[in-house]
Structures are given as C-alpha cells and as structure tokens.
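Biologist: I'd love a close look at just one part of this model. Could you walk me through it slowly, as if I'd never looked at a fold before?

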Amino acid sequence: MRVDILTIFPDFFRGTLDYGIIRRARETGLVEVNIHDLRNFTKDKHRTVDDRPFGGGEGMVLKPEPIFECLESLAGVVPRPERISGSAKQSVIVLSPQGRRLDQALAADLSTLDRIVLICGRYEGVDDRVSEYLADREVSIGDYVLSGGEMGAAVILDSVTRLIPGAVGNEDSTRQESFTSPAAAGEGVRATQEGRPTSTCASGGLLDYPHYTRPADFRGWVVPDVLINGNHEDIRRWRRKTALAKTLRNRPDLLERVELTGEDRELLDEIRGLQSRV
Ligand code: SAH
C-alpha cells in the first residue's frame with residue numbers, strides 16, 4: 001500500500017513512522033509512506049496556505065490551490081469518480097470531525113486498498129471544495145475537535161497498517177482484538193484453532209478479554225487461577241465471560257450489535273446475577 005500525507009506540518013510525522021509495526025511494514029515494503037509539505041505548492045513569497053473565511057467569522061481556512069496542486073502532482077492517483085465507484089482501490093481522505101467516524105470495520109476496508117491519500121486540515125478547516133471535488137471521503141477519528149488532522153492521519157495509518165496481511169507477526173492476533181467483527185475474525189480463526197484456547201476466543205465484536213503475563217504474583221495481586229491451572233475449555237469460557245463483562249460495563253452499545261450465542265446469554269445472566277448481588 002502507498003500512503004501519501006498532505007500537511008502543513010511535515011515534521012509532525014518524524015518519529016510517528018519510525019516505531020513498531022509501521023516501521024517494520026515500511027522496511028519490508030508492505031507500506032510506503034510519503035509526506036508532502038503543502039507549502040511547497042504555494043506560489044507567493046510568504047508561502048501562504050490559509051486565508052480568511054468568506055462570509056466572515058473566526059479563524060483561517062486552508063486554501064484549495066496548494067491541496068489540489070499537491071494531489072495533482074502525485075503520479076497514479078485516479079480521478080474521483082473511479083475512487084467513488086470503487087473501480088480503483090484508492091481513497092483520498094480529508095480528516096475532519098464532520099466525517100464518518102473511524103472504526104475497526106472502516107480500518108479493515110481501508111486496509112484492502114492499494115493507495116490512500118490523507119489530507120490534514122488545520123485552523124477552522126479546509127476549503128470545502130477539497131471535499132466536494134477532490135477527495136472521495138471525510139473521516140473523523142472521534143467526536144472531539146483536534147487542532148489539526150495530523151494526529152488523525154497517524155491514527156488511520158496505524159490502525160490500517162496493522163491490518164495489512166503480513167504487518168503483524170501472528171495474523172490471528174489482529175483477528176481476536178476488540179471490535180473485530182465476526183465476519184472479519186471468521187473462519188480463519190476457527191481454521192487455526194487446533195484446540196488452543198487463544199484461537200477460540202475471537203472478540204466477535206466485543207471488547208478484548210484481560211491479558212496477564214509473568215510474574216504470576218505481582219505485589220500480592222495474583223493472576224486469575226484459571227489461566228494457570230485451568231484447562232483450555234475453562235480458559236476459553238473465562239475469556240469469553242470477562243470480554244462480555246467488560247463490554248457490558250464499558251460499551252453496552254456493542255452488545256446490541258453482536259450476535260450472541262446461547263453460551264453468551266448464559267454468561268451474561270451469570271454476570272448480571274453477580275452484579276445485582278453486589
Ligand atoms: N471548524 C471545524 C474544526 C476544525 S479543526 C469544526 O468545527 O468541525 C482543524 C482540523 O483538525 C480539521 O480540518 C481536521 O483536519 C482536523 N480534525 C479536528 N478534529 C478532528 C477529528 N475528530 N477527526 C479528524 N480530524 C480532525
């Protein structure tokens with residue numbers, strides 16, 4: 001996958017690209033990331049990228065010309081209609097709090113593309129003609145307002161890169177994480193099951209279960225017995241139950257969207273029973 005990031009603060013991405021999975025994915029050629037300084041596409045001596053809003057009001061707005069010219073200078077980006085129709089595996093994205101909210105399903109969709117361009121706004125935002133005529137979608141990383149799109153671009157890059165096959169050492173691990181839909185976790189998880197408890201606990205749209213590592217006793221807080229002494233079936237059931245309990249506590253909205261099995265309902269009854277006794 002090739003990713004291009006358009007920004008007025010290219011230095012922001014120093015470091016961001018140099019750690020962990022993104023670094024490895026770049027080194028192995030799974031992902032190529034290019035950062036473009038929008039000021040290089042200005043024509044005046046002050047290298048102006050922003051201007052006052054038509055109609056008055058607070059703040060400044062990123063001008064359309066440097067963004068259009070920067071994008072048009074990139075080889076191989078297909079015209080907007082082909083991106084919208086899906087006939088090309090490309091997307092040009094404007095980071096915006098008004099966009100579709102990023103979630104694991106959208107990250108998974110984006111991870112199947114060959115090319116992503118991320119346009120980072122600043123100030124009051126980006127001249128809307130960029131969204132109307134150049135980009136094919138707007139994406140928000142959450143219901144809050146940041147001061148720029150760079151953080152959002154880094155979040156998209158990270159969440160998408162780790163879903164590209166080969167980016168994470170053990171692919172099962174990304175299939176079993178929080179939010180991962182049953183369809184995405186799917187048969188692959190079952191196919192690699194081989195009786196191991198880890199592979200039978202795919203999140204199925206729930207939050208992940210708690211993880212522990214050595215030491216088993218840390219300052220007197222001991223790891224749940226079942227993980228040390230339990231058999232695989234007990235571990236699987238415990239993980240499913242704790243995932244359900246955490247989802248019920250922190251994100252009950254997710255429970256309404258997942259398909260619960262008979263066992264899940266049983267476990268939820270146990271959890272609710274425990275809660276009502278407290
Ligand atoms: N006036 C806008 C906010 C602009 S914030 C509004 O009220 O909606 C400046 C820039 O930061 C935006 O252009 C966008 O690129 C980025 N940004 C801010 N919040 C964001 C979010 N939640 N998700 C993605 N990008 C965001």
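How many bridges join strand 1 to strand 2, and do the two run parallel or antiparallel?

Modeller: Six bridges join them, and they run parallel. Before we go on, remember that this is a predicted model, where local features need pLDDT of at least 70 and side-chain atom pairs count only at pLDDT 80 or more, while totals for chains, interfaces and linings use all residues. Residues are numbered from 1 along each chain as its sequence is written, and side-chain values use heavy atoms, with hydrogens and water left out.

Now find strand 1, residues 2-7, and strand 2, residues 32-37. (Strands are DSSP runs of E with at least two residues, helices are runs of H or I with at least four, and both are numbered from the N terminus.) For a landmark, look at D4: the residue opposite is N34 in strand 2. Between these strands you'll meet helix 1, residues 20-27, and the three together make a right-handed β-α-β unit. Right-handed here means that, with the strands pointing away from you, the path from the first strand over the helix to the second goes clockwise.

Strand 1 has another partner too: strand 6, residues 115-119, pairs with strand 1 in the parallel sense over five bridges. (Two strands pair if DSSP finds at least two bridges between them.) Here, L6 of strand 1 has I119 of strand 6 as its bridge partner. Strand 1 is largely enclosed by the rest of the structure, because five of its six residues are buried, meaning under 20% relative accessible area with a 1.4 Å probe and protein chains only.

Let's zoom out to the sheet. It is open, with five strands in the order 2-1-6-5-7 and parallel pairing. Strand 2 and strand 7 (137-140) stand at the edges with a single partner strand each, so one side of each has no neighbour in the sheet. From one strand to the next, the twist averages 30°; its axes are lines fitted to C-alpha atoms, and angles run from 0 to 180 degrees between N-to-C directions.

Over at the strand 7 edge, strand 5 (residues 90-101) is the parallel partner, held by five bridges. To spot that pairing, look for R100, which stands opposite V139 in strand 7. As for what a pairing is made of, strands of a sheet pair through backbone hydrogen bonds, either parallel or antiparallel.

Definitions and conventions: Buried < 20%, exposed > 50% of the residue type's maximum accessible area, 1.4 Å probe, protein only.
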